[in-house]
Amino acid sequence: MLEIKNISKTFNAGTINEKRALKNVSLTLNDGDFVTVIGGNGAGKSTLLNAICGTWRVDEGEIIIDGKDVTLTAEHKRAKYLGRVFQDPMMGTAADMEIQENLALAKRRGKKRGLGWGISKNEREEYRELLATLGLGLEDRMTSKVGLLSGGQRQAVTLLMAAMAEPKLLLLDEHTAALDPKTAEKVLEITEEIVNKNHLTTLMITHNMRDAIKHGNRLIMMHEGRVIVDVCGEEKKNLTVEDLLEMFNRASGKEFASDRAMLS
Amino acid sequence: MEHLFGALPGAVSLGLIWGIMAIGVYITFKILAISDLTVDGSICTGAAVCTMLMTAGVDPWVSMLCATLAGGLCGLVTGLLHTVLDIPAILAGILTQLALWSINLKIMGQANRPLSARNFPVIITQMKTEEAIFTLVLIAGAIIGLLYWFFGTELGCSIRATGCNINMSRAQGINTELNKVLGLMISNGLVALSGALLAQYQGFADVNMGRGAIVIGLAAIVIGETAFAKIARNFAVRLCGVLLGGVIYYVVYQVIVFLGIDTDLLKMLSAVVVAIFLGVPNLKKKYFSKVSKKRAKEAGENA
Ligand SMILES: Nc1ncnc2c1ncn2[C@@H]1O[C@H](COP(=O)(O)OP(=O)(O)OP(=O)(O)O)[C@@H](O)[C@H]1O
Ligand SMILES: [Mg+2]
């Protein structure tokens with residue numbers, strides 16, 4: 001489903017702020033994979049996701065989604081293959097637009113936007129049912145501006161949007177990090193449901209090792225722009241947080257320093 | 001007092017013309033969240049194109065259509081400077097505006113061109129203000145209807161999303177650069193149309209007629225928003241509010257003239273009014289919101 005071949009990215013090349021954020025990263029995701037990504041601050045996790053989304057072009061390497069080489073494809077064109085949820089709950093939705101309008105925008109991802117109505121009558125019914133599956137009572141607030149919702153509600157709506165229009169790949173960048181523990185759990189639950197229901201191939205960054213172990217069928221760990229650990233199947237299921245820390249120390253030759261990661 | 005009431009229809013028609021201009025500004029300033037200074041030039045471009053075409057005997061409606069298209073072209077230039085060359089929007093607008101000053105002079109061949117109602121079939125004139133008001137209300141109504149429809153379409157919604165959250169828009173596959181250019185074109189098209197109306201109404205086009213236009217547009221927007229935003233969420237009603245904002249602006253202007261206040265001061269007053277209206281909400285956010293108080297406290301503790 002996703003093939004990343006040997007990609008590298010250096011920010012501010014040639015200046016004193018030069019930063020090699022991705023170093024020859026290769027990664028292949030199979031259809032239906034649910035991969036969790038962990039790693040310390042600045043390890044390059046978000047950079048990897050941004051590379052897939054096309055926020056900028058990679059310096060070298062290839063990115064192939066569902067058999068199509070998108071290495072040089074513009075961000076908004078790539079979007080049709082991708083569903084994204086950001087860390088910042090404000091970033092995934094348009095605050096000044098209605099809940100239903102946001103969903104309608106997502107439904108048209110990858111399609112031509114012409115002079116037909118931005119949202120049709122049938123759609124409203126469809127969205128009402130979709131929102132009801134969240135169990136947050138949002139189906140009765142379809143015409144409310146998204147800006148009035150709480151962070152957790154906004155992330156839940158963003159998840160629904162990301163899963164619309166049949167994305168090939170769902171990309172989640174610490175999408176529960178800004179939420180309180182209880183809300184985070186609820187949003188993760190919704191994530192599982194949506195991923196299972198739509199059979200989405202998923203890449204989920206998290207700082208919570210327990211979540212990384214609990215969710216998905218495969219786990220990768222990044223450090224200084226490289227993938228240093230990649231486990232799947234039974235081995236992944238039986239992991240413990242201690243195993244992960246041990247693996248990190250062995251692979252990186254350093255003590256795991258990120259206190260956020262320890263918070264699990 | 002009689003003098004004041006006698007002047008009111010004139011103020012209302014001028015207000016309607018500038019209200020149409022303000023609706024154009026609303027599209028960039030409010031919907032796209034871009035401050036576009038092209039308008040100071042494009043309003044004159046509209047006036048110049050309309051005046052020259054009508055002088056050459058072209059039908060007034062065709063002339064106005066051409067003026068609108070010329071305005072769209074001005075917006076296109078600013079849009080390309082901004083999106084293709086990555087020049088900040090404000091600067092891109094200033095560059096176009098500056099270039100337009102020369103272009104407008106070239107279109108007219110001189111700094112000022114008459115368009116007398118006696119010699120040409122103008123659709124509005126200050127000699128018949130009641131008729132002008134009627135015509136302007138119809139035109140403004142058609143524009144508001146058209147915009148209401150357009151911003152409800154898929155394309156229109158995607159332009160609104162672009163202005164509201166550019167990251168989200170790109171993630172949803174929206175071509176944000178294209179949308180910005182489109183928005184700038186529509187905006188400047190409307191501004192140029194109002195210029196074409198203004199030239200007919202006052203009977204001439206002048207190369208300096210656009211100076212400070214953006215401030216009048218913004219004044220109309222803030223007046224309209226203050227008066228209507230609280231009571232109406234509906235987009236069409238908001239646009240009507242902006243239109244009425246223009247009218248209120250010119251009625252107040254008339255009152256100031258009537259009171260004998262030096263009208264040379266009016267542009268300064270407009271600037272002050274706009275600065276206050278744009279600034280006060282920000283001040284409120286900065287110093288009176290709970291969040292900022294909490295942040296300030298945290299910053300204090302961390303220091
Ligand atoms: N647009 C950018 N310009 C310059 N440097 C960047 C940019 N984006 C990321 N970096 C740098 O690249 C490195 C990797 O950043 P990245 O955001 O991928 O880390 P991360 O693994 O997501 O960390 P975190 O857990 O803190 O989110 C960091 O050193 C960061 O400063
Ligand atoms: Mg990150």
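Reader: What makes half of chain B count as buried in this predicted model?

Author: Buried residues make up 50% of the 303 residues in chain B. A residue is put in that class because its relative accessible area is under 20%.

Reader: How do you know whether the radius of gyration of chain B agrees with a compact globule?

Author: The globule rule gives a value near 19 Å for 303 residues, and chain B has 20 Å, so the two agree. Along the principal axes, the C-alpha atoms of chain B fill a box of roughly 75 × 50 × 35 Å.

Reader: What share of the contacts in chain B joins residues 24 or more positions apart?

Author: Such pairs account for 78% of the contacts with a separation of 6 or more. A pair is in contact when heavy atoms lie within 4.5 Å.

Reader: Why is the approach of A:Thr47 to ligand 1 called a polar contact?

Author: An N or O atom in the A:Thr47 side chain lies 2.4 Å from an oxygen atom of ligand 1. The cut-off is 3.5 Å between N or O atoms, so the pair qualifies. The side chain of A:Ser46 qualifies too, at 2.7 Å from a ligand 1 oxygen atom. For A:Gly44 the atom belongs to the backbone, and the distance is 2.9 Å. Overall, the protein buries 65% of the 630 Å² that ligand 1 exposes when taken alone.

Reader: Which element gives the most to the shell around ligand 1?

Author: H1(A) does, with 3 residues. Strand E2 (19-29) of chain A also supplies at least two.

Technical notes
Residues are numbered from 1 along each chain as its sequence is written. Chains are lettered from A and ligands numbered from 1 in the order in which they are written. This is a predicted model: local features need pLDDT of at least 70, side-chain atom pairs count only at pLDDT 80 or more; totals for chains, interfaces and linings use all residues. Side-chain values use heavy atoms; hydrogens and water are left out. A polar contact is a pair of N or O atoms within 3.5 Å; within protein, one must be able to donate a hydrogen and the other to accept it, and residues adjacent in sequence count only if both atoms are side-chain atoms. Accessible areas come from the Shrake-Rupley method with a 1.4 Å probe; for residues, only the protein chains shown count as cover. Helices (H or I, at least four residues) and strands (E, at least two) are DSSP runs, numbered from the N terminus. The radius of gyration is taken over C-alpha atoms; the globule rule is 2.2 Å times the number of residues to the power 0.38. Buried means under 20% relative accessible area, exposed over 50%, partly exposed in between (1.4 Å probe, protein chains only).
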